[in-house]
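Colleague: I've got a model open and I'd like to learn how to read its empty spaces and strands. Can we walk through it together?

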Amino acid sequence: MGSFFKGGVHPPERKELTEDKSPERLEPGPELVFPVSQHLGAPCKPLVKKGDRVLVGQRIADSEAFVSAPIHSSVSGTVKDVALRQVPSGELVLSVVVENDGLYEPDPSMRPRDPRGLSPDEIRRAIREAGVVGMGGACFPTHVKLTPPPDKRIDFVILNGAECEPYLTCDDLLMRTEGDKVIEGLKLVLALFPQASGLVGIEENKPRALRAMGEWASSLGEGRISVFPLRTRYPQGAEKMLIYALTGREVPAGGLPADVGCVVLNVRTAYQIWDALFNGRPVIERIVTVAGDAVGEPKNLLVRIGTPIRELVEACGGFAREPRKLIAGGPMMGIALSSLDVPVVKGTSGVLALSEGAAFWGEQEECIRCGRCVEACPVGLLPYELNAYVLARRYDDFGALGGVNCIECGCCSYVCPAKRHLTQSMRDGKRTLASRRR
Ligand code: SF4
Ligand code: SF4
């Protein structure tokens, strides 16, 4: 085990709202929307057109690019449209709109199979064909992560079960109820890296998940998988912090986990790998935590990808009070929702509705140079200064001061007494620099 990272914050956890709520299946209404880009990398091209009949698990969009992941229908029905639709980020993205026939007729490709004896390339191909991406929210195509440069020896495959964002409990529930499948998914990944050990990191505020995963690792892990408790401190689940805590290795600035011999996957991603390889099931559903003080009855819901977020809120009794802020994901790194009429996508781990009192944000005031953002930054940046550079459009200075190393964790904004929009300006600065380089 390595050491603790510097900085970070400990916001109120609010996990009690849903940590004992087993996932309830929510069947969707008449219309589902499947954006052709639900991942980092090249968008897919639709493979279907208006009027086509589609089945559950049928591939409806794909790309020839390596860094991409196909999209599958989660219901059977008829393609109603292929058109621009709003996604949780607020952008308009080309989407396949499917009218749900309520029959849930499966595509014949979804059938049980035995992955033993598959070659590493066949395993990677099956993961790609199932559209598996980082299910913790990053949405990076998993087959790409599992194809590090040949000169990088992988010593550790790390499963991220930290779930350090407040409110979210979907990974906790998954580990407690289907931990055996998560471990089986990890074993399939370990088959790609014969030298590597499997490490599962779980924050110590999830004792039941720690116990369940520890038992599954002992009984199924063939001596290659260990489970470790992690200090409960945000952002413990960020890749760099997790690697440091579990191995003591530091990912260099601008580097990747593979540079220090690690591959990091979310626990849900490992589950999806199991489902793809053993059942031929692509990513068509996920658990979403619906919580926040403005939600009538917070729950964990098992929902089909493409379901409108409005239906999730309705299934939780609607709003108990006026929400001040709606978020897809967690309160620290999630995306502010401007509408409920957007679909659940692969990376949607949570839907939060927070009232004035529960929201972490407020009106922005002048910086008082208190230095709290500097103390909280887990990667050692000077957020107040970077913020000033972005506001002055001094992007070269932003880059020279290391702004590109920001992991967008939100700690600086959380602690800032002046409610400066620090994280947003880090994102803006990074995007501007990246687009200039392109
Ligand atoms: S500057 Fe970036 S990495 Fe540092 S606390 Fe803010 S969001 Fe997190
Ligand atoms: S925490 Fe806010 S007020 Fe304090 S130095 Fe940072 S930006 Fe300025």
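**Cavities and a small sheet**

Modeller: The largest cavity here has a volume of about 90 Å³. Of its 14 lining residues, C377, L381, C406, C409 and C412 are closest to the centre. This is a predicted model, where local features need pLDDT of at least 70 and side-chain atom pairs pLDDT 80 or more, while totals for chains, interfaces and linings use all residues. Residues are numbered from 1 along each chain as written, chains are lettered from A and ligands numbered from 1 in written order, and side-chain values use heavy atoms, without hydrogens and water.

Colleague: What counts as a cavity?

Modeller: Rolling a water-sized probe over the atoms shows where empty space is left. On a 1 Å grid over the protein atoms alone, a cavity is a set of points where a 1.4 Å probe fits but cannot get out, and lining residues have an atom within 4 Å of a point. Points join across faces, edges and corners, and the volume is the space filled by probe spheres set on them.

Colleague: How many cavities of 30 Å³ or more does the whole structure have?

Modeller: Two. The second largest has a volume of about 80 Å³, and H10, P11, E13, C164 and T232 lie nearest its centre.

Colleague: And which strands make up the open sheet?

Modeller: Strands pair through backbone hydrogen bonds, parallel or antiparallel. The order is β3-β5-β6, antiparallel, with strands being DSSP E runs of at least two residues, numbered from the N terminus, and pairing needing at least two bridges by DSSP. β3 (45-46) and β6 (71-72) each have a single partner strand, so one side of each lacks a neighbour in the sheet. K45 stands opposite D62 in β5.

Note on methods:
Helices (H or I, at least four residues) and strands (E, at least two) are DSSP runs, numbered from the N terminus. On a 1 Å grid over the protein atoms alone, a cavity is a set of points where a 1.4 Å probe fits but cannot get out, and a pocket is an open set with protein on both sides within 12 Å along at least five of seven lines; lining residues have an atom within 4 Å of a point.
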